[in-house]
Amino acid sequence: MIKQMRVAVIGQGYVGLAITEGALTAGHHVIGIDISASVISGLKSGKSHIEGIPDSVIGQGINSGALQVSDSYAQVSDVDVVVIAVPTPLNTAGSPDLSPLVSAVKSLAEFLKTPKLIINESTSYPGTLREVIKPLIDKCSNQAHLYAISPERVDPGNRDYGVRNTPRVVGGLSDQARDAAIAFYKGFCDEVIPVSSAEVAESAKLFENTFRFVNIGLVNEFAEIMSAMGIPVGEVLRAAGTKPYGFMPFHPNVGVGGHCIPVDPIYLQERAKEFGLTSKYVSLSTEINHRMPRYVVQRLIDEYGDLEGKRVLVVGVSFKADISDTRESPAEPFIENLKARGAEVLWHDPLVSSWKGESSSPVSGGYDLAVVLVAHSNLSMNGWRGGPIFTTNFNPKYPDWIPLISVQQNK
Ligand SMILES: NC(=O)c1ccc[n+]([C@@H]2O[C@H](COP(=O)([O-])OP(=O)(O)OC[C@H]3O[C@@H](n4cnc5c(N)ncnc54)[C@H](O)[C@@H]3O)[C@@H](O)[C@H]2O)c1
C-alpha cells in the first residue's frame, strides 16, 4: 500500500506532465508548477498539451481536486516530494545552459521551510545534484532535505514504453534519500533500479543518449560510404540486423533532433573538459550528424538536379514521427541548406501549426518537388499536385517516394 503524498512537479512539459500523470495514478495529490501561462491555462481547462497524455487524465485530476496547477511556487511549502523537470538545453554558444534549472531551484528554495524529498529528473552532467542543486537550496533553506535523482527516460510518442514499464534508475545523496525516492517511484513504475550514488544515475542517463548519438553518427557516416559505393544501405542494415546477438540497428537520417540526443552528449563533453579530458566519439559524431542536412541536400541535387529557383515543400518539421516537438529539429538546417542552394522553401507538418514564425503550408499544387523528412501517421499527401516526392529513407507505406539516403533497391 503506497502512502498518499503531496507532490509538486516543477515543469509541466514532456517529462513533468508524464510524472504528474504517474503520481496521480499512484493516488498522490499533485501540484503542477510551470512558468508558462499558456501551459497553466491549458491544464486548468483540462487539456493536455503532450502527445500520449490524454485530456481525460488532466480533466479528472482537475475536477477531483487531485491535481492543482499554478505558476506560483507558494504551494511547495505544503508538499512531501518535489520533482524537478525543467529544460536543460544548450546556449547559443552550444554549451550546457543550466539557467532554467538554476532559476527553478532558486524559486523553489524559498518555500522549503520543512524537510522534503527533492528529486531531479532534468538531464544534466554528473555532479549537478550535489554541486549545483543542493548548494542553491542550502543558501535559502537550512532544512535536512533528502536529495535524489532519477533521470527521465520518457520517449514521447512511444506506444510500447511509458513511465510505468520503463525501468527507472534512482540514486541519491544518501541511502535514505535514495530509498525514499524508490518508494515514491514504486507507486507508478514497475521496476526501480537503485544505484550507489547520484553521479552514477546522472552518468547513466548521459551514456544512454551518448551511445545513441554516437551510433547514429556511425550509421550516418556508413550511409555516405555505402551511397558512394552504390550499395543500398537500407538492405545492408536489414541484413546485418538478422544477427541475433551483438548488433543493434540504428538508421541513417537527415540529422539528430530533439531535446535529448543531440544535447546530452555535449553535457558529458563539457563536464569531461573540466577533468582535462575530451570525448573524441562525441566530437566526431557531432561533426558527422551536423553535416547530414548538407549531405542530404547534395543527394537531392544529385537525384533531381539544380534547385535554383525551385519551389520545394519540406514535409515534417518535428524531430521525429508522431510528435509535434520541433526542438533541435534537423529540418531547420536542412531548409537553410536548401535555401543556400537557391530553392524557395515552404513547409508542411500536420502536427505543427506554426514554427519559426511561419505557418504550415497546405499540401497542394505549385511546387516543383517535395522532401518528406518525417512521415507522421496522419500525414496525407492527397492534395499534392507537384513534381517528385523525395524522402530520406525508403518508406514502405509510400513506395513511390524516392529515398535519398537508402539509395535504390531498398525495398
Ligand atoms: N522530452 C524528452 O523526451 C525527455 C526525455 C528524457 C529526459 N528529458 C529531460 O527532462 C528535462 C525536461 O525536458 P522536457 O522535454 O520535459 O522539457 P519541456 O520544455 O517539454 O518542459 C519543460 C517545462 O518546464 C517549464 N519551465 C521552464 N523553466 C521553469 C521554471 N523555472 N519553473 C517552472 N517551470 C519551468 C517550461 O515552461 C516547460 O513547460 C530536460 O532536462 C530534458 O533533457 C526530456
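**A walk around helix α4, the sheet and a loop**

Visitor: What do the buried residues of α4 pack against?

Guide: Keep in mind that this is a predicted model. The buried residues of α4 have several partners, and one of them is a helix, α5. The others are strands: β1 (6-10), β4 (81-84) and β5.

Visitor: Which residues of α4 are buried, and why do they sit on the same side?

Guide: The buried set is Leu101, Ala104, Val105, Leu108 and Ala109. An α-helix has 3.6 residues a turn, so residues three or four places apart point the same way. Here the buried residues of α4 lie on the same side because they cover an arc of only 130 degrees around the axis.

Visitor: At what angle do α4 and α5 cross?

Guide: Two packed helices are described by the angle between their axes and the distance between the axes. For α4 (residues 99-109) and α5 (residues 128-140), the axes come within 8 Å. The crossing is right-handed, and its angle is roughly 35 degrees.

Visitor: How many nonpolar residues are in the contact of α4 with α5?

Guide: On the α4 side you'll find Leu101, Val102, Val105, Lys106, Leu108 and Ala109. They meet Thr128, Val132, Ile133, Leu136, Ile137 and Cys140 in α5. By class, that contact has 1 polar residue, 1 charged residue and, for the nonpolar ones, 10.

Visitor: Which strands are at the edges of the sheet?

Guide: Follow the order of this open sheet of 8 strands: β3-β2-β1-β4-β5-β6-β7-β8, with mixed pairing. An edge strand pairs on one side only, and that picks out β3 (67-70) and β8 (192-194).

Visitor: Which residue in β6 does Ile119 stand opposite?

Guide: Strand β5 (residues 117-120) and strand β6 (residues 146-149) run parallel and are joined by 4 bridges. Opposite Ile119, in β6, stands Ala148.

Visitor: Which strands does α7 touch when it packs on the sheet?

Guide: Helix α7 covers residues 198-229. Its direction makes about 145 degrees with that of β7 (168-172), one of the strands it touches. The full answer is β6 and β7.

Visitor: Is Glu328, with its positive phi, buried, partly exposed or exposed?

Guide: Most residues other than glycine have a negative phi, and most peptide bonds are trans. Glu328 has a phi of about 55 degrees, and Asp322 has one near 65 degrees. Asp322 lies in the loop between β9 (311-315) and α11 (331-340), and Glu328 also lies in the loop between β9 and α11. With a relative accessible area of 42%, Glu328 counts as partly exposed.

Definitions and conventions. Residues are numbered from 1 along each chain as its sequence is written. This is a predicted model: local features need pLDDT of at least 70, side-chain atom pairs count only at pLDDT 80 or more; totals for chains, interfaces and linings use all residues. Side-chain values use heavy atoms; hydrogens and water are left out. Axes are lines fitted to C-alpha atoms, for helices over the stretch in contact, and angles run from 0 to 180 degrees between N-to-C directions. Helices (H or I, at least four residues) and strands (E, at least two) are DSSP runs, numbered from the N terminus. A crossing is left-handed if the near helix is turned anticlockwise from the far one by less than a right angle, and right-handed if clockwise. Contact means heavy atoms within 4.5 Å. Ala, Val, Leu, Ile, Met, Phe, Trp, Tyr, Cys and Pro count as nonpolar, Asp, Glu, Lys and Arg as charged, and the others, Gly among them, as polar. Two strands pair if DSSP finds at least two bridges between them. Buried means under 20% relative accessible area, exposed over 50%, partly exposed in between (1.4 Å probe, protein chains only). The arc is that of the directions from the helix axis to the C-beta atoms.
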